[in-house]
Amino acid sequence: TSPSSGVQSLSVDSQPPSSSSTPQMSLEEKFKIIRSVGEECIQEDELLNLLNLKPEPICYDGFEPSGRMHIAQLLRTLHLDLLCFFLNVEFLWSSDEINSRASEYWPLVMDIARRNKLLRIMRCCQIMGRSEQDELLAAQILYPCMQCADIFFLKADIFQLGMDQRKVNVLAREYCDDIKRKNKPIILSYHMLLGLQQGQEKMSKSDPSSSIFMEDEE
């Protein structure tokens with residue numbers, strides 16, 4: 001079985017176990033809460049249809065818990081708090097998930113890589129704070145394919161990430177077109193907290209001058 005055929009089989013029709021602790025909300029209320037998380041939603045009609053067919057969708061948000069924590073990362077947790085109104089939250093280590101199902105994950109990464117030209121992948125390097133003009137390592141070129149694979153590997157219906165991750169999210173939807181998958185993951189992109197220096201699009205741990213860190217006193 002090819003990786004793409006496995007991805008094709010994922011469907012919004014499959015229902016997760018219901019939880020007695022989950023508050024009862026109308027379809028419109030759920031849509032309003034989820035939509036409020038993002039500055040942009042691709043596509044709103046697909047989100048509404050998803051919630052109608054699958055009341056407890058799987059939402060994906062990935063981050064690297066390393067280094068000093070700045071306030072933009074704290075604000076990010078508020079997005080999860082909103083979804084906690086009607087969804088369960090589970091934290092997973094990607095390394096554990098990949099190691100336990102490596103035979104499923106890496107063929108998927110390679111399938112995404114072989115279906116895209118190098119220039120298309122390089123346009124996604126913004127997710128690492130790089131540009132197409134930078135001199136990239138081979139690992140940095142592979143990284144967008146891995147992040148794209150995460151979405152399908154974790155069977156996510158919605159991926160909510162910052163606007164700086166938008167290009168790789170669109171890559172995931174394009175991959176659905178390539179493998180003829182109808183149910184595309186929905187992009188929910190939230191606004192980035194601007195860096196402190198002029199022209200900085202976001203706060204970054206790699207540039208301390210751009211951020212307000214949690215342990216800062218003044």
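In this predicted model, glutamate 174 and arginine 120 form a salt bridge in which the closest N and O atoms are 2.9 Å apart. The pair links distant parts of the chain, since glutamate 174 belongs to helix 9 and arginine 120 to helix 7 (residues 118-122), 54 residues apart. Their surroundings can be described from their accessibilities: glutamate 174 counts as partly exposed because its relative accessibility is 30%, whereas arginine 120, at 12% relative accessibility, counts as buried.

Salt bridges that share partners also join Glu97, Arg101, Glu104 and Lys155 into one network. Within this group, the side chains of lysine 155 and glutamate 104 meet in a salt bridge with an N to O distance of 3.9 Å. Lysine 155 lies in the loop between helix 8 (138-153) and strand 3 (158-162), and glutamate 104 lies in helix 6 (residues 102-114), so this pair ties together parts that are 51 residues apart in sequence. Lysine 155 is partly exposed at 37% relative accessibility, and glutamate 104 is partly exposed with a relative accessible area of 34%.

A further salt bridge is formed by aspartate 111 and arginine 115, whose closest N and O atoms are 3.1 Å apart. Here aspartate 111 counts as buried, because its relative accessibility is 4% and the limit for a buried residue is under 20%, while arginine 115 is partly exposed with a relative accessible area of 28%. Over the structure, the count comes to 11 salt bridges, and the three pairs described above are set out here.

| Salt bridge | N to O distance |
|---|---|
| Glutamate 174 and arginine 120 | 2.9 Å |
| Aspartate 111 and arginine 115 | 3.1 Å |
| Lysine 155 and glutamate 104 | 3.9 Å |

Arginine 101, one of the residues of the network, also has an aromatic contact: its charged end sits over the ring of phenylalanine 153, 4.0 Å from the ring centre. Phenylalanine 153 in turn forms one aromatic cluster with Tyr105 and Trp106. A pair of aromatic rings is described by the distance of the centres and the angle of the planes. A search of the whole structure finds 3 aromatic pairs, and one of them, formed by tyrosine 105 and tryptophan 106, is edge-to-face, with 5.0 Å centre to centre and 80° between the planes. The two partners differ in their exposure class, for tyrosine 105 counts as buried at 1% relative accessibility, whereas tryptophan 106 is partly exposed with a relative accessible area of 33%.

Helix 9, which carries glutamate 174, covers residues 166-178, and its 13 residues should span 18 Å at 1.5 Å a residue, which agrees with the 19 Å that separates its end C-alpha atoms. The buried residues of this helix are Val168, Asn169, Leu171, Ala172, Arg173, Tyr175 and Cys176. An α-helix has 3.6 residues a turn, so residues three or four places apart point the same way. Just after helix 9, lysine 180 takes a positive phi of about 60°.

The loop between helix 4 (71-83) and helix 5 (94-100) contains phenylalanine 91, which is exposed with a relative accessible area of 62%. Together with Phe63 and Val89, Phe91 makes a nonpolar surface patch of about 330 Å². Asparagine 88 lies in the loop between helix 4 and helix 5 as well, and asparagine 88 is exposed with a relative accessible area of 60%. Although asparagine 88 and isoleucine 58 are 30 residues apart in sequence, their C-alpha atoms are 9.2 Å apart in space.

Proline 208 is found in the segment after strand 4 (186-190) and counts as partly exposed at 48% relative accessibility. The C-alpha atoms of proline 208 and glycine 195 are separated by 9.7 Å, the two residues being 13 residues apart along the chain.

As to the chain as a whole, its secondary structure comes to 9 helices and 4 strands, which follow the pattern α-α-β-α-β-α-α-α-α-α-β-α-β when read along the sequence. Of the 218 residues in the chain, 40% are buried.

Definitions and conventions:
Residues numbered from 1 in each chain as written. Predicted model: local features only at pLDDT ≥ 70, side-chain atom pairs only at ≥ 80, totals over all residues. Heavy atoms only, no water. Patch = residues over 30% accessible without salt bridge, like charges linked within 9 Å, V, L, I, M, F, W, Y side chains within 5 Å. Areas by Shrake-Rupley, 256 points an atom, 1.4 Å probe, with all protein chains shown as cover. Salt bridge = Lys/Arg side-chain N within 4 Å of Asp/Glu carboxyl O. Helix = DSSP H or I, 4+ residues; strand = E, 2+ residues; numbered from the N terminus. Buried < 20%, exposed > 50% of the residue type's maximum accessible area, 1.4 Å probe, protein only. Phe/Tyr/Trp six-rings, centres within 6.5 Å; stacked < 30°, edge-to-face > 60°. Lys NZ or Arg CZ within 6 Å of the ring centre and 35° of its normal. Expected span 1.5 Å × (residues − 1).
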